[in-house]
Amino acid sequence: MNYRSALAQMKPYTPGEQPPPGKFIKLNTNENPYPPAPAVVEAIRAAASGPLNRYPDPVATSFRRAAADALSLPGPEWILAGNGSDEILTILVRGFVGEGQKLRLPYPSYILYRTLADIQGAAWEQTPFVDDWKLPAAFGHSDDDLKLVLLPNPNSPSGTIVPPDEVAAIADSLTCPLVVDEAYVDFADDDCLDLVRQNENVLVTRTMSKSYGLAGVRFGFLVAQPQVIAELAKIKDSYNCDAISIAAATAAISSQDWLADVVAKMNTTRDRMASELSAMGFRVTPSHANFVWCQHSSGRHSEIYEYLKRNQILVRYMAFPDWGDGLRISVGTDDQIDACLLMIGRAIGSLG
Ligand code: PMP
């Protein structure tokens, strides 16, 4: 078969393990351990008995209105809805980075960006974080081939943040758009939405998969100035969000009190988990997300991961070439984290 050469050369992106429900305490892909707001389930029920023989609203108007309201944006024309923020990222890379051009990402961070460049036949350039997850000035340097810069903020796997004033300085020094991927921002204290109002070149992506507890529904969105949204909307599939997802996401983003309660609960669990891991000999990176990145003094992370997996606890083992490895553990319920910590203690004890 004659596939495009870009496709033949690229390695596929492999998301985290998704075993059938019930087998593991699942702390590997930063989902929410709590269900979404009750209004979400009601909205799904109502949508399921709605006219499913009809196409959905192609531009998810109800969601965009509710999101503009919840996030104090001027109006729905500042928002583009997508099938998870992964689809939004796809739209962004398709929109800005052509064959032979280049995008930039920090390292280590979200590997999917590289795959999206590969699909385009574009190049990617990784700028390593320095001094415990700070960005070097080189991250803000422009060149002719550079067409898009992507910054997960908070970052994964570290959970660290670059403060908005530093993000603003990076955006000012770049000649191409800067995408701030705020998948985990509801667990942090700061966000970059104000920068979007001030700078056409700052684009923010958000997801309903993490803080809102809707990973199974697939819904994410872009916040950018209206002329940017209008241009990028040309790329999306005609009906990229289905009627049930639109209803669910609209109800979820309208349930801000529920969100605040869930986030407060998860952040408390996260901080407790971090201090208990430190006491067990881990170096734990201070996290502003719903996971922690930790490295044990023994360095034997893959063995700890395997031990946990044999005992029905799934965390993420991550190894980054020329950088190092460690464990990324998602925040679960308090009971789940207690079980995980107990098993980590046993894993360490078994290392010999
Ligand atoms: N950005 C980052 C940094 C992520 O970790 C993830 C989750 N894998 C996403 C975006 C995508 O999330 P979703 O497609 O579920 O919205």
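Helices here are DSSP runs of H or I with at least four residues, and strands are runs of E with at least two, both numbered from the N terminus. With that settled, here are the legends for this predicted model.

**Figure 1. The whole chain, with the annotated domain.** The protein folds into twelve helices and 13 strands. An unreviewed UniProt entry places the feature "domain: Aminotransferase class I/classII large" at residues 23–339. That span is 37% helix and 20% strand, and its end C-alpha atoms sit 14 Å apart. Taken along the principal axes, the C-alpha atoms of the protein fit a box of roughly 60 × 50 × 50 Å. How does the radius of gyration fit with a compact globule? For 352 residues such a globule would come out near 20 Å, and the protein has 20 Å, so the two agree. Buried residues account for 47% of the 352 residues. Take the contacts between residues at least 6 apart in sequence: 72% of them link residues at least 24 apart.

**Figure 2. The shell around the ligand.** Gly-84, Ser-85 and Asp-86 are among the residues around the ligand, and so are Tyr-110, Pro-152 and Ser-156. The shell also takes in Asp-181, Ala-183, Thr-207, Ser-209, Ala-215 and Gly-220. Sorted by class, that gives four nonpolar, six polar and two charged residues.

**Figure 3. Lys-210, the residue flagged in UniProt.** The unreviewed UniProt entry puts "modified residue: N6-(pyridoxal phosphate)lysine" at Lys-210. Look for Lys-210 in the loop that runs between strand S7 (202–207) and strand S8 (220–223). Is Lys-210 buried or exposed? It has 25 C-beta neighbours inside 10 Å, and 20 or more is the mark for buried, so Lys-210 counts as buried. Setting aside neighbours within four places in sequence, Lys-210 touches Asn-30, Asn-32, Ala-183, Tyr-184 and Asn-290. Of these contacts, Ala-183 also turns up in the shell around the ligand.

**Figure 4. Asp-190 and what surrounds it.** Asp-190 sits in the loop between strand S6 (178–181) and helix H7 (193–198). It has 16 C-beta neighbours inside 10 Å, so Asp-190 is classed as partly exposed. Beyond the neighbours within four places in sequence, its contacts are Ile-161, Pro-163 and Pro-164. Asp-190 and His-288 are 98 residues apart in sequence, while their C-alpha atoms are 9.6 Å apart in space.

**Figure 5. Helix H11 and its buried face.** Helix H11 covers residues 301–310, and within it His-301, Ile-304, Tyr-305 and Leu-308 are buried. Seen down the axis, the buried residues of H11 fall within an arc of 100°, so they line one face of the helix. What do they pack against? Four strands, S10 (291–296), S11 (313–314), S12 (316–320) and S13 (324–330), plus helix H12 (334–349). On the other side of H11, Ser-302 and Arg-310 are exposed.

**Figure 6. Gln-312, just past H11.** Gln-312 follows H11 and lies in the loop between H11 and S11. It isn't a glycine, yet its phi is positive, at about 65°. There are 14 other C-beta atoms within 10 Å of Gln-312, so this residue is partly exposed.

**Figure 7. Ser-72, another positive phi.** Ser-72 is also a residue other than glycine with a positive phi, in this case near 55°. Its loop runs between helix H3 (61–70) and strand S2 (79–82). Ser-72 is exposed, because just 8 other C-beta atoms lie within 10 Å.

**Figure 8. Two cis peptide bonds ahead of prolines.** Which residues does the cis bond with omega about -5° join? That one links Tyr-107 to Pro-108, with Pro-108 in the loop between strand S3 (102–107) and helix H5 (112–120). A cis bond also joins Asn-153 and Pro-154, with omega about 0°. Pro-154 belongs to the loop between strand S5 (146–152) and helix H6 (164–173).

Conventions
Residues numbered from 1 in each chain as written. Predicted model: local features only at pLDDT ≥ 70, side-chain atom pairs only at ≥ 80, totals over all residues. Near = placed C-beta within 6 Å. Nonpolar A, V, L, I, M, F, W, Y, C, P; charged D, E, K, R; others polar. UniProt positions renumbered as here; feature names shortened; annotations may be inferred. Rg over C-alpha atoms; globule rule 2.2 N^0.38 Å. Buried ≥ 20, exposed ≤ 12 C-beta atoms within 10 Å, placed from the backbone. Contact = placed C-beta atoms within 7 Å. Arc of directions from axis to C-beta.
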